[in-house]
Amino acid sequence: MGRIVGPSGRVLTFEPFPENVRHLRQNIDHNHLGDRVTLVDAAVDAEDGGSVELFAGDGSSEASLHGHATRPDSLSVARVSLDAEIQRRGLDRVDLM
C-alpha cells in the first residue's frame, strides 16, 4: 500500500503485538517507505486510550477488554479508536479502510 498511494499519499497501519511491530518496522525501513507509512503500535478499539488485554489462543488472535493481564500468555497493549487517531493526525479524509 505504501507504494500504491504514491508520494503524496499516506498509510496508517495498526499492530498491537510487539514481535509483529518489529517485523513491520523492518519491512517499512527495508522498503524505504517511512515517509508514506506510519505504524501505530496499538490495538484498534471503539474506545480511545487505556489498554486492552490480548492473548494468543490456538494460533489465532483473541482480544479481551479486561484492561489488565489475567493469563500468562496475555499482553496488555495501548488501544486507540480510529476516529481519535485520524483526528490526532490531522487527516481531513480517509480513502480506504
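User: Happy to dig in! Before we start, how are residues sorted into nonpolar, charged and polar?

Analyst: Ala, Val, Leu, Ile, Met, Phe, Trp, Tyr, Cys and Pro count as nonpolar. Asp, Glu, Lys and Arg count as charged, and the others, Gly among them, as polar.

User: Thanks! Which classes make up the lining of the largest pocket, and how many residues does each give?

Analyst: This is a predicted model, and its largest pocket holds about 660 Å³ of space. Among the 20 residues lining this pocket, Arg10, Val11, Leu12, Val94 and Leu96 are the closest to its centre. Strand β1 (11–14) and helix α2 each give two or more residues to the lining. By class, the lining has 6 charged, 3 polar and 11 nonpolar residues.

User: Is Glu85 buried or exposed?

Analyst: Glu85 sits in helix α2 (residues 82–88). Beyond its neighbours within four places in sequence, Glu85 is in contact with Leu12, Phe14, Val40 and Val80. Its relative accessibility is 5%, and because the cut-off is under 20%, Glu85 counts as buried.

User: What span does helix α1 reach from its first C-alpha to its last?

Analyst: Helix α1 covers residues 18–30, which is 13 residues. At 1.5 Å a residue, 18 Å is expected. Just after α1, His32 takes a positive phi of about 55°. The helix itself is close to expectation, reaching 18 Å.

User: Which element has the lowest mean pLDDT?

Analyst: The protein averages a pLDDT of 85, with 82% of the residues scoring at least 70. Over residues 60–67 the pLDDT is below 50, though this stretch has 18 contacts in the model beyond near neighbours in sequence. Strand β2 (residues 37–40) has the highest mean, 95, and the lowest, 47, belongs to strand β5 (residues 61–64).

Note on methods:
Residues are numbered from 1 along each chain as its sequence is written. This is a predicted model: local features need pLDDT of at least 70, side-chain atom pairs count only at pLDDT 80 or more; totals for chains, interfaces and linings use all residues. Side-chain values use heavy atoms; hydrogens and water are left out. Helices (H or I, at least four residues) and strands (E, at least two) are DSSP runs, numbered from the N terminus. The expected span of a helix is 1.5 Å times one less than its number of residues. pLDDT is the predictor's confidence in each residue, from 0 to 100. Contact means heavy atoms within 4.5 Å. Buried means under 20% relative accessible area, exposed over 50%, partly exposed in between (1.4 Å probe, protein chains only). On a 1 Å grid over the protein atoms alone, a cavity is a set of points where a 1.4 Å probe fits but cannot get out, and a pocket is an open set with protein on both sides within 12 Å along at least five of seven lines; lining residues have an atom within 4 Å of a point. Grid points are joined across faces, edges and corners, and a volume is the space filled by probe spheres set on the points.
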